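Biologist: Could you pick one part of this model and give me a close look at what surrounds it? I'd like one connected walk-through, with your cut-offs spelled out as you go.

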Amino acid sequence: MEAHLVLSLAAYPVISFGTGSAVRLPGPSIDKPNIYSFNSTTYDEMYQELKYKDPRLYTANGLLGMLDRNRRIKGSPERWQDWKVGMPRKESGMEDGVVDVVITCEERCWDIVVEDLLNRNSPLNRLVHVINVDIKDNHEEAVVGGKGILKLADMLTAAAKEEREKFGEAFMRESVDKRVPEVLAQWQEKFPNLPALWTVGYF
């Protein structure tokens, strides 16, 4: 959600998802996580419940702070596999309900997204770049990763602008798609501590 926040503050149209079967948050012990449903349980409900259960614990481990931030960004956590691609998302600035780039922050999630795209059988036949920027799951690393992802979005946008200016009315998206590996390599030089993976899929 840190990347979602950073990108949205920079006026990028953005939506965010989880990929698991449920939202799992740390509990009082490893074998007692707090489990919530995607798409239906709001961040505010999670915040209020954990604040009631043990405000000291969930303040100390950063969960209340994270949930407070999240509830200011969007209502509920959503699950990638439940996303109906092509349905308008006007509140996110995506009237056509599709995206050009998917960014994951963990290789396991990248694998799930790539497999899910294959299972969807490309009903729209629309290419999407799937990039994983590996970020450790803690606040400090999330802040660094969010800045790195914003820089990547800026570099991809700059490349697209260059291609549009170069080709004018003859512009075709394929010219930008071909530049993604080059842009990603340049970005990786700037952020060597954020390992990245890239592939393409189809919606």
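Modeller: Sure, and contact first: here it means heavy atoms within 4.5 Å. This is a predicted model, so local features need pLDDT of at least 70 and side-chain atom pairs count only at pLDDT 80 or more, while totals for chains, interfaces and linings use all residues. Residues are numbered from 1 along each chain as its sequence is written, and side-chain values use heavy atoms, with hydrogens and water left out.

My pick is strand 4, residues 127–133. Helices and strands are DSSP runs numbered from the N terminus, H or I of at least four residues for a helix and E of at least two for a strand. For burial, the cut-offs on relative accessible area are under 20% for buried and over 50% for exposed, with partly exposed in between (1.4 Å probe, protein chains only). By that yardstick 7 of the 7 residues of strand 4 are buried, so the rest of the structure largely encloses it. Both faces are covered: L127, H129, I131 and V133 are buried on one side, and V128, V130 and N132 on the other.

Now the neighbours. Two strands count as paired if DSSP finds at least two bridges between them. Strand 3 runs parallel to strand 4, with 4 bridges joining the two, and I103 sits opposite I131. Strand 5 (residues 196–202) pairs with strand 4 in the antiparallel sense over 7 bridges; there, L127 faces Y202.

The link from strand 3 to strand 4 goes by way of helix 5 (residues 107–119), and the three make a right-handed β-α-β unit. Right-handed means that, with the strands pointing away from the viewer, the path from the first strand over the helix to the second runs clockwise. T104 belongs to strand 3 (residues 101–104) and is a nice spot to see this unit from. Setting aside neighbours within four places in sequence, T104 touches C109, W110 and V113, as well as I131, N132 and V133. T104 counts as buried because its relative accessible area is 7%.

V133 leads on to the core. A nonpolar core is a set of buried Ala, Val, Leu, Ile, Met, Phe, Trp, Tyr and Cys residues joined through side-chain atoms within 4.5 Å. The largest one has 17 residues, and V133, I149, L152 and W187 have the most contacts inside it. Helix 1 (2–9), strand 4, helix 6 (139–167) and helix 8 (180–190) are the elements that give it two or more residues, with helix 6 giving the most, at 6. W187 touches V133 directly, along with G148, K151, L152, M155, L194 and A196, again not counting residues up to four places away in sequence.

Zooming out, the chain holds 8 helices and 5 strands, in the order α-β-β-α-α-α-β-α-β-α-α-α-β from the N terminus. Its radius of gyration, taken over C-alpha atoms, is 18 Å. The globule rule (2.2 Å times the number of residues to the power 0.38) gives 17 Å for 203 residues, so the chain is as compact as a globular protein of that length. The C-alpha atoms fill a box of roughly 60 × 35 × 30 Å along the principal axes. Of the 203 residues, 38% count as buried. And among contacts with a separation of 6 or more, 68% come from residues 24 or more positions apart.
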